[in-house]
Amino acid sequence: MTTALGEKIKTIIRTNGPLSITDYFSLCLADPVHGYYRTREPFGQSGDFVTAPEISQLFGEMIGVFMVHAWQRHGTPAAVRLVEIGPGRGTMMSDMLRVIGKLAPPLYDVMTVHLVETSERLQGFQRQTLEAYGAKISWHTDFAEVPEGFTLLAANELFDAIPIRQFVRTANGFRERTVGLDANDELTFTTGVATLDPALLPEGGLPPIGAVFEIAPARQAVMTTICDRLATHGGTALAIDYGHMATSFGDTLQAVRMHEYDPPLEHPGEADLTSHVDFQHLAQTALASGIHINGCCHQGDFLVGLGLLERAATLGRDQDAATQENIRVAVERLAGAGEGKMGELFKVLAVSSPAIDLLPFRPVG
């Protein structure tokens, strides 16, 4: 089966030769006519995947608790930009704002809220979700448009949707992985001519022929932009994503369609394309920008450390058995440890300027 975007990509390859993984990734998600984020409703039960904020209000509430704590540790500055990049349907921001309003009215009163969203369709959902907050919220298509000032920033499942480059180990060293056409005129992975700087590879010997190594210059650029803002104006940023804490080899390019894994070349434009985030590399990028690393941990440890279980108990108090069970299931989904559980698969990285200690991370040093 082919898709409209698949046909377009084949035409591009016939005309210009194979595409890099970066270009294929970008077309699948952001092609102006057929791109996934332009045409699909990705979130929720009816979409292709469910993000943590859609599972339970508890997730966004814990992020709100963290932002209040960060603001206090920074010395309660008077003008605050609360920023979310890639805010989905606005669910997480709605839950954050409710908690901030309750826990820290002085913060709520002095802050402005800024959502960075490139999709007009998703902006529409966010405006509905956040209607009650009116003029407090501004939308921007680029982070550079967010007004200067002390910044508290959240990015949940942002980095995994930013394209990567892949390199494959061949007998002649690493070569860039590309998307070309096979003998039957179907999309296939091929190997291009671009090579990889060996200094980028993790230490500890070379992997076997055919092994894949991923780099993400575009993610690095976004992280640098965020960190430069913090270095100049002060603040804390939180990145939450599917990924690994140590740079390693492996092909993590994956497509999800209707809650099932899908071969990445099978349904271009009709499946969400992502790859795992290298948190070690993000942290190194932050350090290179002169920013303090508060810590990196599993999502489950982060949420429990901020009071997830206590908040869940409060939510469930005096509720019927079905509601209590729903809350218990949500907590298990968000924070459960073990193979394939979000609590372990997802990592949380916090960075700050100037250097401060933030719970639930242990002081570094």
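Here are three short exercises on this predicted model.

**Exercise 1.** Work out how the span of helix H6 (residues 91–103) compares with the expected one.

*Solution.* Start with the count: H6 has 13 residues. At 1.5 Å a residue, the expected span is 18 Å. Now check the model, where the first and last C-alpha of H6 lie 19 Å apart, close to that expectation. As for burial, the buried residues of H6 include Met-92, Met-96, Leu-97 and Ile-100.

**Exercise 2.** Find which helix gives the largest share of the largest nonpolar core, then look at what Met-67 touches.

*Solution.* The largest nonpolar core holds 49 residues, and Met-67 is among those with the most contacts inside it, along with Ile-63, Phe-66, Leu-82, Leu-97, Leu-238 and Phe-302. Helix H5 (residues 57–73) supplies the largest share of this core, nine residues. Next, skip the neighbours of Met-67 within four places in sequence: its contacts then include Met-96 and Ile-100, plus Leu-82 and Leu-238.

**Exercise 3.** Classify the ring pair Phe-174 and Phe-249, and say whether each residue is buried or partly exposed.

*Solution.* First, distance: the ring centres are 6.2 Å apart, inside the 6.5 Å limit for a pair. Second, angle: the planes meet at 15 degrees, so the pair is stacked. Third, location: Phe-174 is in strand S7 (residues 173–181), while Phe-249 sits in the loop between strands S10 (235–244) and S11 (254–257), 75 residues apart. Last, burial: Phe-174 has a relative accessible area of 8%, so Phe-174 is buried; Phe-249, at 27%, is partly exposed.

Terms used:
Residues are numbered from 1 along each chain as its sequence is written. This is a predicted model: local features need pLDDT of at least 70, side-chain atom pairs count only at pLDDT 80 or more; totals for chains, interfaces and linings use all residues. Side-chain values use heavy atoms; hydrogens and water are left out. Helices (H or I, at least four residues) and strands (E, at least two) are DSSP runs, numbered from the N terminus. The expected span of a helix is 1.5 Å times one less than its number of residues. Buried means under 20% relative accessible area, exposed over 50%, partly exposed in between (1.4 Å probe, protein chains only). A nonpolar core is a set of buried Ala, Val, Leu, Ile, Met, Phe, Trp, Tyr and Cys residues joined through side-chain atoms within 4.5 Å. Contact means heavy atoms within 4.5 Å. Rings of Phe, Tyr and Trp (its six-membered ring) pair if their centres lie within 6.5 Å; planes under 30 degrees apart count as stacked, over 60 as edge-to-face and the rest as tilted.
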